[in-house]
Amino acid sequence: MKFLFNGIDHVQLAAPKGCEEKARFFYGTILGLPEIKKPEILKGRGGCWFQCGNQELHIGVEEDFREAKKAHPGLIVTNLEELKRILLAYQIDIKEEPAIEGRSRIHVSDPFGNRLEFLEFTQE
């Protein structure tokens with residue numbers, strides 16, 4: 001093989017124009033993801049970027065925005081119960097999902113209706 005995939009650099013979720021304040025509150029304040037600086041060449045496009053472990057989560061403006069109800073990132077967390085407590089404190093609806101192969105998981109929607117999955121690996 002002449003090439004090799006080494007991982008995922010980032011995931012981008014779409015949001016409507018003017019989304020930045022809500023994105024910063026949800027992803028930054030509620031979820032606690034640190035915001036990272038966008039490259040100068042991309043700043044004019046709107047949106048904002050966050051660090052998520054070793055990867056990045058980009059919120060990008062889409063003119064004809066439609067929320068992603070099926071497609072979603074799966075974000076690995078430690079202490080899923082504490083995350084659920086925080087989400088509920090902010091009155092964010094949580095959809096409990098059955099555990100799969102050593103992973104507890106929940107789904108929520110971001111402020112724009114995009115589906116997010118949070119997973120915690122458990123010891124069997």
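This passage describes selected residues of a predicted model, beginning with two glutamates and continuing with aromatic rings and a residue beyond strand β8.

The glutamate E120 lies in strand β8, which spans residues 115–121. E120 is buried and yet takes part in no salt bridge. The nearest side chain of opposite charge belongs to K84, at a distance of 8.3 Å. Because a salt bridge requires the charged nitrogen and oxygen atoms to lie within 4 Å, the separation of 8.3 Å between E120 and K84 does not qualify. The side chain of E120 instead has a backbone partner, reaching the nitrogen of L80 at 3.1 Å. L80 also appears among the residues that E120 touches once those up to four places away in sequence are set aside. The others in this group are V77, T78 and N79, together with G102, R103 and S104.

A second glutamate, E97, is located in strand β6, formed by residues 95–100. The relative accessible area of E97 is 17%, and E97 is therefore classed as buried, since the limit for this class is under 20%. The side chain of E97 is joined to the side chain of H107 by a polar contact of 2.8 Å. H107 is also listed among the contacts of E97 when neighbours within four places in sequence are left aside. The remaining residues in that list are R105, I106 and R115.

The aromatic rings of the model form 4 pairs. One of these joins F3 and F5, whose ring centres are 5.6 Å apart and whose planes meet at 85°, an edge-to-face arrangement. F3 is exposed, with a relative accessible area of 54%, and F5 is likewise exposed, at 72%. Both values exceed the 50% above which a residue counts as exposed. Another pair is made by F26 and Y27, with centres 4.9 Å apart. The planes of these two rings stand at 85°, so this pair is also edge-to-face. In contrast to F3 and F5, both F26 and Y27 are buried. F26 and Y27 further belong to one aromatic cluster, which includes F50 as well.

Finally, Q123 is placed in the segment after β8. With a relative accessibility of 80%, Q123 counts as exposed. Q123 and G102 are separated by 21 residues in sequence, while their C-alpha atoms are 6.6 Å apart in space. G102 is one of the residues touched by E120, the buried glutamate described above.

Technical notes. Residues are numbered from 1 along each chain as its sequence is written. This is a predicted model: local features need pLDDT of at least 70, side-chain atom pairs count only at pLDDT 80 or more; totals for chains, interfaces and linings use all residues. Side-chain values use heavy atoms; hydrogens and water are left out. Helices (H or I, at least four residues) and strands (E, at least two) are DSSP runs, numbered from the N terminus. Buried means under 20% relative accessible area, exposed over 50%, partly exposed in between (1.4 Å probe, protein chains only). Lys and Arg count as positive and Asp and Glu as negative; His and the chain ends are not counted. A polar contact is a pair of N or O atoms within 3.5 Å; within protein, one must be able to donate a hydrogen and the other to accept it, and residues adjacent in sequence count only if both atoms are side-chain atoms. Contact means heavy atoms within 4.5 Å. Rings of Phe, Tyr and Trp (its six-membered ring) pair if their centres lie within 6.5 Å; planes under 30 degrees apart count as stacked, over 60 as edge-to-face and the rest as tilted.
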